[in-house]
Amino acid sequence: MLVVMKHNATDQDIKRVVDVVGDMGYEARPIPGGQRTAVGILGNDGRVDSARLEGMEGVLEVIPVTHPYKQVSREWREENTVVALANGTKVGGSDVVVMAGPCAVENESQIMDIAHQMRDLGATVLRGGAFKPRTSPYSFQGLGLRGLELLAKAREASGLAIVTEALDPEGAEAVADFADVVQIGARNMQNYALLRRAGRLGKPVLLKRGMSATIDELLLAAEYILAEGNEKVILCERGVRSFDTHTRNLLDLTAIPVVKALSHLPIIADPSHGTGLRAKVTPMARAAVAAGADGIIVEVHPDPARALSDGAQSLYPEQFAELMEQIRVIARAIGREVAAPLPAVAQG
Ligand code: PEP
Ligand code: MN
């Protein structure tokens with residue numbers, strides 16, 4: 001339930017509503033907006049006396065939130081949430097943000113090389129897994145802590161923000177110590193202990209859609225993070241399981257306008273895991289931007305043939321350069337811009 005305040009409601013009016021909600025035994029969460037403030041009621045068991053709130057000074061109306069998810073819904077917050085990263089990148093505003101890099105951090109020269117190339121080509125966020133969720137326990141599992149240290153070094157040298165995955169609640173804090181954005185992968189979308197922990201990390205979270213998850217399930221997973229007090233959540237469509245074998249997954253681009261209507265959270269697309277095939281990545285990246293994605297996350301490797309994971313879907317840097325050129329044109333056609341390249345870093 002949401003108590004919508006009049007545009008001229010005073011801080012006192014808002015405080016009184018918060019206090020009354022508290023007296024009723026529920027938690028009140030003020031949501032400031034451009035036009036007016038709303039006060040969300042958490043823990044509502046259906047017995048909230050809305051008449052008592054409706055009669056209060058400064059209250060415009062009391063509206064029920066009809067979706068099972070609350071804080072992630074557009075009913076709860078009308079304006080888009082913009083997630084600001086430490087290097088100035090803003091996800092969810094008018095800019096289309098590009099996150100790029102290898103599937104996994106493999107060694108120092110690989111990650112430093114690709115970080116510089118991604119930066120020079122205009123990405124503002126570097127991706128790279130240090131802890132890898134692999135289908136087979138015998139596949140490369142990532143460099144672990146050493147991978148995080150290398151990512152931090154790449155950030156320092158390039159100015160790129162870092163997005164990297166946390167695999168479990170126990171390891172999430174260590175990842176958050178190094179990362180600018182903590183990724184929760186498709187396989188973990190409904191790992192509720194991890195979602196709750198991510199809600200307490202104080203860092204932006206990139207939540208990827210599970211491979212068999214409905215859009216409502218994705219939004220409810222995000223709700224776990226917001227319910228813990230972390231509103232800095234970026235959703236990611238990365239393809240769902242389908243019956244066709246030509247691509248690794250079915251990149252569900254319909255999810256982008258659907259999520260945009262249902263939620264204020266930003267949503268990006270991952271055409272790399274979404275297709276599994278290098279030749280299909282650029283067309284789907286173009287389509288994702290055209291569909292209104294707030295960004296893309298793309299796997300690029302300096303030498304894909306030797307990649308330790310996901311080589312078949314990793315772009316060559318030259319292909320990534322072309323992708324950037326193309327999405328710049330598409331973003332402009334729909335009244336957006338690809339986020340401006342980072343200013344040059346001083347070479348020391
Ligand atoms: C990844 O981005 O490295 C990854 C493993 O993706 P997903 O969780 O979408 O499979
Ligand atoms: Mn990968």
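**D310**

I started with D310, which sits in the loop between β14 and α11 (317-333). This is a predicted model, so I read each entry as a look at a prediction. I checked the backbone of D310 and got a phi near 55°, a positive value in a residue other than glycine. I jotted down the general rule beside that: most residues other than glycine have a negative phi.

**β14**

From that loop I stepped back to strand β14, residues 295-299. How many of its residues are buried? I counted 5 of 5, so β14 goes down as mostly covered, buried meaning under 20% relative accessible area. In a regular strand the side chains alternate between the two faces of the sheet. I therefore looked at each side of β14 by itself, with G295, I297 and E299 on one and I296 and V298 on the other. Both faces turned out to be covered, with the residues on each side all buried.

Next I asked which strand β7 is joined to. The partner I found is β14: 5 bridges link it to β7 (residues 95-101), and the two strands run parallel. I picked out one pairing to keep: M99 has I297 of β14 as its bridge partner.

**Ligand 1**

I then moved to ligand 1 and listed what surrounds it: R127, K132, P133, E165, Q183, G185, A186, R187, K208, R238 and H273. I sorted that shell by type and got 2 nonpolar, 3 polar and 6 charged residues.

Where do oxygen atoms of ligand 1 meet polar atoms of the protein? I noted contacts with these residues:

- For A186, a polar backbone atom is 2.7 Å from an oxygen atom of ligand 1.
- For K208, an N or O atom in the side chain is 2.8 Å from a ligand oxygen.
- For Q183, I read 2.9 Å between a ligand oxygen and an N or O atom in the side chain.

I also looked up how much of ligand 1 is covered: taken alone it exposes 290 Å², and the protein buries 97% of that.

**E57**

Is E57 buried or exposed? I put it down as exposed because its relative accessibility is 58%, and the cut-off is over 50%. E57 lies in the loop between α2 (50-54) and β4 (59-63). I also paired E57 with Q12: they are 45 residues apart in sequence, and their C-alpha atoms are 9.4 Å apart in space.

**Domains**

Last, I checked the domain assignment, which gives domain 1 (2-63) and domain 2 (83-338). Taken over C-alpha atoms, the centres of the two domains are separated by 37 Å.

Note on methods. Residues are numbered from 1 along each chain as its sequence is written. Chains are lettered from A and ligands numbered from 1 in the order in which they are written. This is a predicted model: local features need pLDDT of at least 70, side-chain atom pairs count only at pLDDT 80 or more; totals for chains, interfaces and linings use all residues. Side-chain values use heavy atoms; hydrogens and water are left out. A residue is near a molecule or strand if one of its heavy atoms lies within 4 Å of it. A polar contact is a pair of N or O atoms within 3.5 Å; within protein, one must be able to donate a hydrogen and the other to accept it, and residues adjacent in sequence count only if both atoms are side-chain atoms. Accessible areas come from the Shrake-Rupley method with a 1.4 Å probe; for residues, only the protein chains shown count as cover. Ala, Val, Leu, Ile, Met, Phe, Trp, Tyr, Cys and Pro count as nonpolar, Asp, Glu, Lys and Arg as charged, and the others, Gly among them, as polar. Domain bounds come from an automatic or database domain assignment. Buried means under 20% relative accessible area, exposed over 50%, partly exposed in between (1.4 Å probe, protein chains only). Helices (H or I, at least four residues) and strands (E, at least two) are DSSP runs, numbered from the N terminus. Two strands pair if DSSP finds at least two bridges between them.
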